[in-house]
Amino acid sequence: MTAIAAEAGPQWVNDLMDALGAPGAGLAIALENLFPPLPSEVILPMAGFAASSGRMSLLAVLLWTTAGSVMGALALYGVGALLGRDRTVAIAERLPLVKVSDIEKTEAWFLKHGTKAVFFGRMIPIFRSLISVPAGVERMRLPVFLGLTTLGSAIWNTVFVLAGYFLGANWHTVSDIVSTYSKVVLAVAALAVVAFIAVRLRRRPEGARGTARTATTAPPPHDDQDTRVLRRPALPPETPAGSAPRRARPGREAR
């Protein structure tokens, strides 16, 4: 690898491609899927530049990087499948501010839009790796998952490999542009998380205050009954059935 590539890209990627050629680029991309902070937008143009300098075949780079993407995604699919829905729900129950209903809504959304999410998710930084986990949890049909992953990854990889191939020594300008795109995606994701937490924190105190207010203003259930008993007029003692009312004797009245 040339000195220009060594200065602009991660050294370990240079070492892999120097030692293994195109399979080294594929291995780097597989690791990028498993560890999203590794930048595919840097690895792919570097591989394209290496192909333009004659160190490896362009077709081999395209095939091996796509194979690496599929293998990394398949590993994360397996993690999701092993985790399963029951364990996912159990984990959600232990997380603060997360409800089981959130998992159910996500599940319903993925069942409806999962194929589009897997395909287009391959073109979004960070999510291009993470989208494989819910696919495994929901046990998306493996042929469908592999087909969508291969197609989406091939498009993403081809764009960046060809950019590095045609830009030559200026390949790093591609990663500079895409790094801005990645930062925007991360900022939007971070804002979404902050908004989610803020909404949850705001709802919980309101519910607690509402419950306390209801308990304070509502009268005890027995107050009205006691008031009715106290206000009831006194009645004369009842006369036993079948007996005549008693009359005072004349002699006693005279006394």
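This report walks through a predicted model, from its confidence to a few helices, rings and single residues.

## What the model is and how far to trust it

Because the model is predicted, local features need pLDDT of at least 70 and side-chain atom pairs count only at pLDDT 80 or more, while totals for chains, interfaces and linings use all residues. Residues are numbered from 1 along each chain as its sequence is written, and side-chain values use heavy atoms, with hydrogens and water left out.

The protein chain has a mean pLDDT (the predictor's confidence in each residue, from 0 to 100) of 74, and 67% of its residues reach 70 or more. Helices here are DSSP runs of H or I with at least four residues, numbered from the N terminus. Among the elements of the chain, helix H1 (residues 3–8) has the lowest mean pLDDT, 44, and H9 the highest, 92. Over residues 206–216 pLDDT stays under 50, and the model has zero contacts (heavy atoms within 4.5 Å) for them beyond four places in sequence. The stretch 223–230 is also below 50 in pLDDT, with zero contacts beyond near neighbours in sequence. Where pLDDT is low, the predicted coordinates should not be read in detail.

## Helix H3 and its partners

Let's turn to H3. This helix covers residues 22–34, 13 residues in total, and spans 19 Å from first C-alpha to last. That is close to the 18 Å expected at 1.5 Å a residue, where the expected span is 1.5 Å times one less than the number of residues. Its buried residues (under 20% relative accessible area; exposed is over 50%, partly exposed in between, with a 1.4 Å probe and protein chains only) are Ala22, Gly24, Ala25, Gly26, Ala28, Ile29, Ala30, Glu32 and Asn33. They pack against helices H2 (11–20), H4 (40–52), H5 (58–94) and H7 (127–130).

H2 and H3 pack at about 140°, their axes 6 Å apart; axes are lines fitted to C-alpha atoms over the stretch in contact, and angles run from 0 to 180 degrees between N-to-C directions. H2 brings Trp12, Leu16, Met17 and Leu20 to this contact, and H3 brings Ala22, Pro23, Gly24, Ala25, Leu27, Ala28 and Leu31. These residues divide into ten nonpolar, one polar and no charged. Here Ala, Val, Leu, Ile, Met, Phe, Trp, Tyr, Cys and Pro count as nonpolar, Asp, Glu, Lys and Arg as charged, and the others, Gly among them, as polar.

## Aromatic pairs

Rings of Phe, Tyr and Trp (its six-membered ring) pair if their centres lie within 6.5 Å; planes under 30 degrees apart are stacked, over 60 edge-to-face and the rest tilted. The count comes to four aromatic pairs. One of them joins Phe119 and Phe120 edge-to-face, 4.8 Å centre to centre with 80° between the planes. Phe119 is buried at 17% relative accessible area, whereas Phe120 is partly exposed at 47%.

Trp156 and Phe160 form a tilted pair, 4.6 Å centre to centre with 50° between the planes. Both lie in H9 (residues 142–167), four residues apart, about one turn of the helix. An α-helix has 3.6 residues a turn, so residues three or four places apart point the same way. Trp156 and Phe160 are both buried.

## Two arginines

Arg85 sits in H5 and is partly exposed at 32% relative accessibility. Beyond its neighbours within four places in sequence, Arg85 contacts Glu104, Glu107 and Val137. Arg85 and Val137 are 52 residues apart in sequence but 5.8 Å apart in space, C-alpha to C-alpha.

Arg139 lies in the loop between H8 (132–137) and H9, and counts as exposed at 55%. Its phi is near 50°, a positive value in a residue other than glycine. Most residues other than glycine have a negative phi.
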